[in-house]
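My notebook is open, and today's job is to look at how two chains meet. I'm jotting things down as I look them up.

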Amino acid sequence: MNVILLAALLVFSGDEVKTENLDRLKTLIKPRAEETKWEEIPWRVDLWEARRDAAKAGKPLLLWEMDGNPMGCG
Amino acid sequence: VLGRALGFSDPEVIKIIKENFIPVVGDDWYQRRRKDDVGKFFRSVVDQTWKAGKWGNNGGDNRQGIYCFTPSGRMLTEMKNVGNLPGELKRLLQSGAAAWNRLPAEERRPGAVTVADVSFDPGFHRPVPAGALVLRQYQRGLKRGPDGTLAAHDFSFKEAPVWAQRDRAWILADEWKALIPATPAVGAQVELPAPLKRRLLRYHFVEALVGEPGAWQPEQIRSDKLALTVEGVSDSTIRYRLDGSVLLATEPDPATARCGLQGKVTGIATVDRAKGAFTRFDVVLIAECWGALNQHNAVSREGRNPVGFAFELGTGAAVDSVPPQGARMLQPYLQP
């Protein structure tokens with residue numbers, strides 16, 4: 001049943017680009033649950049702040065470095 | 001985002017990171033170029049790996065990868081991008097954690113390292129401009145069924161699943177304030193400030209399902225009909241509707257243009273009048289896209305294909321401080 005409902009939410013026809021469809025279109029486009037699991041990790045976005053947090057916590061740093069921020073277009 | 005985040009989606013990997021590390025993401029384009037203490041620290045870490053040296057005047061080769069190191073900058077372990085390989089990633093993390101635990105207790109204790117305040121290299125540091133609105137941007141490959149219905153298109157690129165791509169868009173303080181009329185009237189048209197419109201068109205209405213988005217040249221904006229209309233006014237709120245269509249193409253004739261984007265826009269925005277602030281700024285663009293703007297912005301799918309773009313207000317979370325990709329070239333982005 002849930003699958004059917006989800007499919008109905010994700011399918012449009014014809015002239016679908018109008019305000020009454022806005023929320024459903026956003027749902028179609030935005031990351032799905034399986035695409036956001038990696039965001040459960042408490043990523044910092046500033047190396048210096050992360051270094052400060054690591055020093056305070058007594059933990060090492062893990063840096064994920066991409067050409068294009070992984071939290072952005074990376 | 002390609003499936004290279006797959007490894008970081010693995011429950012065991014997430015658990016190891018949460019328990020053992022302070023995780024941070026970085027855009028290598030800035031990091032390897034910056035001349036401040038952050039850049040010096042980064043280079044001192046990378047110089048302990050096979051990527052050492054060759055920094056050149058402009059950052060040299062890219063240093064993409066996954067690095068584990070101490071707050072003092074001692075390398076524990078590093079690997080190329082294995083973000084899409086949970087097993088490899090897990091081994092890297094376990095190796096890094098083990099190397100950390102082999103260090104003397106005095107070196108590992110909280111507060112063992114003092115991290116001073118530093119000033120940032122303004123050439124390669126991109127804080128959100130004062131008072132600017134941050135929009136979160138997403139884009140996804142779509143497909144149409146035989147009856148024209150639109151649905152998500154799940155496909156792979158170089159064997160990695162292509163997920164919804166992300167970016168951020170800035171609306172400067174003077175731009176969003178110009179959208180709030182002193183005496184709003186239902187039906188009134190509100191003109192979008194020209195820099196805001198050009199910024200959205202040139203830097204954000206760009207198909208970049210894989211790779212890094214390019215930017216349209218001003219003359220490649222072939223048509224832009226965007227109308228922001230006051231749809232409702234009460235004592236507490238102003239509600240707007242955005243409608244329009246856009247055509248962006250590398251050559252004047254979209255039928256033969258090497259690269260293009262043609263689509264329709266819709267949106268809803270609301271203002272809290274007491275606060276003088278936007279509380280909703282939702283925009284969707286559904287466009288047919290083809291070609292690629294530059295070598296970093298690969299052709300994700302052959303032919304002309306629908307792509308959906310969605311924008312919404314950020315929440316002020318840390319992720320909203322990640323700058324727009326287009327802001328690498330700051331002044332052209334702010335004044336396109």
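Below are my entries on where chain A touches chain B, in what is a predicted model.

**Entry 1: who touches whom.** I started with the contact lists. I found 59 residues of chain A in contact with 92 residues of chain B. Next I looked up the buried area: the two chains bury about 7,100 Å² between them. Carbon and sulfur atoms carry 63% of that area.

**Entry 2: polar links.** How many residue pairs are in polar contact between chain A and chain B? I got 40, with both residues at pLDDT 80 or more. From there I went to chain A's side of the interface and asked which elements give two or more residues to it. Those turned out to be helix H2 (22-29), helix H3 (47-57) and strand S1 (61-66) of chain A. H3(A) gives the most, with ten residues. Sorting chain A's side by class, I noted 29 nonpolar, nine polar and 21 charged residues.

**Entry 3: salt bridges.** With charges on my mind, I checked for salt bridges across the interface, and the rule finds eleven. I picked one to look at: A:Lys30 and B:Glu312 join through their side chains, at 3.0 Å from N to O. That's a nice one to click on.

**Entry 4: strands side by side.** Last stop was S1(A) again, to see what it pairs with in chain B. Its partner is strand S2 (residues 65-69) of chain B, and five bridges join the two. Parallel or antiparallel? They run antiparallel. To pin down one bridge, I looked up A:Leu63 and found B:Tyr67 as its partner in S2(B).

Technical notes. Residues numbered from 1 in each chain as written. Chains lettered and ligands numbered in written order. Predicted model: local features only at pLDDT ≥ 70, side-chain atom pairs only at ≥ 80, totals over all residues. Heavy atoms only, no water. Contact = heavy atoms within 4.5 Å. Buried area = accessible area lost by both parts, 1.4 Å probe. Salt bridge = Lys/Arg side-chain N within 4 Å of Asp/Glu carboxyl O. Polar contact = N/O pair within 3.5 Å; in protein donor to acceptor, adjacent residues only side chain to side chain. Helix = DSSP H or I, 4+ residues; strand = E, 2+ residues; numbered from the N terminus. Nonpolar A, V, L, I, M, F, W, Y, C, P; charged D, E, K, R; others polar. Pairing = 2+ DSSP bridges.
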